[in-house]
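Here is a walk through one chain, from its overall make-up down to a few odd backbone angles. Keep the 3D view open while you read.

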Amino acid sequence: MSDFVEPENNPKEMRHGFTTGACAAAAAKAAVMMLSTHTRVNESTIWLPAGFFHTFTIIDGEFSADTATCATIKDAGDDPDATHKARIVATAAWIDGSGIELDGGVGVGRVTKPGLPIPVGEAAINPVPRRMIRKEVQEVLEEFGIDRGVKVVISVPGGEEIAKKTLNGRLGIIGGISILGTRGTVVPFSTSAYKASIIQAMQVARASGCTQVVLTTGGSSEKYAMKLNPELSEESFIQMGDFVGFSLQHAKRLGMRTISLVGMIGKFSKVAQGVMMVHSKSAAVDFGFLARAAAETGATPELQEAILECNTATQAAELVIEAGLPGFFDKLSEYACRHCLEHIGGGVTVEIVLVTMKGEILGREEHSG
């Protein structure tokens, strides 16, 4: 995961795409159709959970008496998806007996840690894509009156390299990407997709035995958080992006006893104000609040006035550091702790760590409630 960033364009005007799960289902249908008819298939139309049919272009179709292989190209629309333009391949082969077997091949990850919706040892093909693939394959078999067993293997050439751009490794998905999607469509810059990834990461943390999670706003703050907590396993670290309140609620729901938040003053000054969604367009920095917090820690009237005239929280922090008021950052951390506990109704320990852009600690507080 990385920070969720709202695009300049209106997301409603951006082009939607299609999930790896939808692509896999379309390719699987085409492969089984070629296997059944010994005829090249150039298109595959499937029903998407989003509520409509879509036709996928099929490429690289090959078949013999017992196997067939084809592919489609993943189109993520205007979403900055790591799997955009990936080649999703399906190979179908007749097997003894009856029923549909499904597995992952090259470039599709395998689950090695508990906590995910797929059992350990199986290919990382999520439940909805599994159902979509099975449905499309079954319909082809019924259409042609075939009563034979078939095995479908989904592969993604280059998937192992693509996976390095994701957090699959931390989730215990090794060797490639996941085949994902609940609606079949990709909504550009989807907040729901990001939130789902936060919950998934927390479920893995819980299943790994973690009782503490460390929430960060992105890659830089997470790197600093890991240095501050070398005793914690990698599953404990979760990038929450701007979704502070959402992440806190789910951390408590999943039984975490300690929730640490590590970040920089730009976003965490908003948490200190009581803002739980810290995107720049969701809430502005309240410089009046920062000036009052500075006053509580001994700021002169001149410094308070200077803070009121700042353009960014980072600028205010620089003035405070120059004035020699280290207690200011502990005060902000204290406010942030209290607001976090209020937001989730207590019952856990919350720690706030404010760091600089270079990872130096500015303020640190911990409260239980």
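Of the contacts in the chain between residues at least 6 apart in sequence, 67% join residues at least 24 apart. Keep in mind that this is a predicted model. Its chain holds 12 helices and 18 strands, and the C-alpha trace spans about 85 × 40 × 30 Å along its principal axes. Of the 369 residues, 51% are buried. The chain exposes about 16300 Å², with carbon and sulfur atoms supplying 51% of that area. As for charge, there are 34 positive and 42 negative ones, and their mean positions sit 4 Å apart.

**The sheet with S4 and S7 at its edges**

Start with an open sheet of five strands, ordered S4-S5-S6-S10-S7, in which the pairing is mixed. Which strands stand at the edges? They are S4 (59-63) and S7 (100-104); each has a single partner strand, so one side of each is left without a neighbour in the sheet. On average, neighbouring strands here are turned by 15 degrees against each other, direction ignored.

Further in, S6 (residues 87-95) and S10 (residues 149-155) run antiparallel and are joined by seven bridges. To find the register, look for Ala92: its bridge partner in S10 is Val152.

Two helices lie across this sheet. Helix H1 (residues 20-37) lies across S4, S5 (67-73), S6 and S10, at about 40 degrees to S6. Helix H2 (residues 127-143) lies across S6, S7 and S10, and runs at about 140 degrees to S7.

**The sheet with S15 and S18 at its edges**

Another open sheet of five strands follows the order S15-S14-S16-S17-S18, again with mixed pairing. Its edge strands are S15 (237-239) and S18, each pairing on one side only. From one strand to the next, the twist averages 20 degrees.

S17 (residues 349-355) and S18 (residues 361-368) pair in the antiparallel sense over seven bridges. Ile352 stands opposite Glu365 in S18, and Leu354 has Gly363 in S18 as its bridge partner. Five residues lie between the two strands of this hairpin, where Gly359 takes a positive phi near 90 degrees.

**H7 and H8**

Helix H7 (residues 244-253) lies across S14 (212-216) and S16 (258-263), running at about 155 degrees to S16. How many of the 10 residues of H7 are buried? Seven are, so the helix is largely enclosed by the rest of the structure. By name, the buried residues of H7 are Val244, Gly245, Phe246, Ser247, Leu248, His250 and Ala251. They pack against helix H5 (191-207), S14, S16, helix H8 (265-273) and helix H12 (327-344).

In H8 itself, Ile265, Phe268, Ser269, Lys270, Val271 and Ala272 are buried; note the lysine, Lys270, in that list. What do the buried residues of H8 pack against? Their partners are H7, S16, helix H9 (287-296), helix H11 (313-323), H12 and S17. H7 and H8 thus turn up in each other's packing lists.

**Positive phi angles**

Most residues other than glycine have a negative phi. Here are some positive ones to look up, glycines and others:

| Residue | Phi (degrees) |
|---|---|
| Gly255 | about 90 degrees |
| Gly274 | about 100 degrees |
| His38 | near 55 degrees |
| Asp60 | about 55 degrees |

Gly255 comes just after H7, and Gly274 comes just after H8. His38 is found in the loop between H1 and S2 (43-48), whereas Asp60 belongs to S4, one of the edge strands of its sheet.

Are these two residues that are not glycine buried, partly exposed or exposed? His38 counts as partly exposed at 42% relative accessibility. Asp60 is partly exposed too, with a relative accessible area of 39%.

Definitions and conventions
Residues are numbered from 1 along each chain as its sequence is written. This is a predicted model: local features need pLDDT of at least 70, side-chain atom pairs count only at pLDDT 80 or more; totals for chains, interfaces and linings use all residues. Side-chain values use heavy atoms; hydrogens and water are left out. Helices (H or I, at least four residues) and strands (E, at least two) are DSSP runs, numbered from the N terminus. Buried means under 20% relative accessible area, exposed over 50%, partly exposed in between (1.4 Å probe, protein chains only). Contact means heavy atoms within 4.5 Å. Accessible areas come from the Shrake-Rupley method with a 1.4 Å probe; for residues, only the protein chains shown count as cover. Lys and Arg count as positive and Asp and Glu as negative; His and the chain ends are not counted. The place of a charge is taken as NZ of Lys, CZ of Arg, CG of Asp or CD of Glu. Two strands pair if DSSP finds at least two bridges between them. Axes are lines fitted to C-alpha atoms, for helices over the stretch in contact, and angles run from 0 to 180 degrees between N-to-C directions.
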